[in-house]
Amino acid sequence: MKKIVKSIFSSKWFYGISITFLGVILTAIFSYNLLISVLSYLKNILINIFGFVLLVLNFGIKVWIIFLVLMSFCILFEIFSFIWQKPDWLKYNKDILKKWIWRWNYIKFGKKYEILDMVPYCPECDCNLLNRKDFIDVIAYCPKCLTEYEGDEIENEKEIESLILRKINKEEYGDKS
Ligand SMILES: [Zn+2]
């Protein structure tokens with residue numbers, strides 16, 4: 001009998017099975033402990049959230065204060081949307097002025113807008129006009145239809161700018177693009 005018991009205890013099978021069994025039991029204990037601690041952590045969070053919601057709901061606040069806050073938000077929104085509102089004439093950025101088509105952009109400096117990037121286009125084919133230096137004069141020509149504006153002075157940008165500003169002031173900027 002002793003021999004049988006001794007042989008069982010000394011066999012590799014016994015050690016293999018008992019170590020595996022021990023491992024399974026230890027894993028189960030640790031998993032259980034981990035599960036319990038996670039659940040209690042979640043429970044604490046839920047209790048805290050519930051307590052906070054109760055606190056907010058029971059907070060004694062007068063209805064007129066809520067009304068005043070909402071009204072203030074509405075008024076502020078109206079004021080800011082009025083300040084940030086862009087004028088309608090900013091869409092006016094193309095026109096036939098004197099003999100050419102002109103396109104331009106606006107840039108805001110502080111509260112004022114200024115016209116910039118004024119570019120002349122050919123009135124025949126709407127192609128960007130280029131300048132070419134002749135012996136004395138500077139000639140504007142169209143690279144598409146090769147029309148030359150020989151003898152014509154290159155139109156002064158300041159003059160065109162004045163015409164644009166006049167149209168904006170008189171609200172005569174019908175040709176929007
Ligand atoms: Zn042309």
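This is a short dialogue on reading helices, a core and a sheet in a predicted model.

User: What should I know before I start?

Analyst: The model is predicted, and local features need pLDDT of at least 70, side-chain atom pairs count only at pLDDT 80 or more, while totals for chains, interfaces and linings use all residues. Residues are numbered from 1 along each chain as its sequence is written.

User: What span should helix α2 have, and how far apart are its end C-alpha atoms?

Analyst: Helices (H or I, at least four residues) and strands (E, at least two) are DSSP runs numbered from the N terminus, and the expected span of a helix is 1.5 Å times one less than its number of residues. Helix α2, residues 12–57, has 46 residues and should span 68 Å, which agrees with the 67 Å between its end C-alpha atoms.

User: How many residues of α2 are buried?

Analyst: A residue is buried if 20 or more other C-beta atoms lie within 10 Å of its own, exposed if 12 or fewer, and partly exposed in between, with C-beta atoms placed from the backbone. In α2 the number is zero, so this helix lies largely in the open; helix α3, residues 63–84, is likewise hardly covered, with zero buried among its 22 residues.

User: Which strands form the open sheet, and in what order?

Analyst: Two strands pair if DSSP finds at least two bridges between them. Here the order is β4-β5-β6, with antiparallel pairing; β4 (130–133) and β6 (148–149) stand at the edges, each with a single partner strand, so one side of each has no neighbour in the sheet. Four bridges join β4 to β5, residues 138–141, and R132 has I139 of β5 as its bridge partner.
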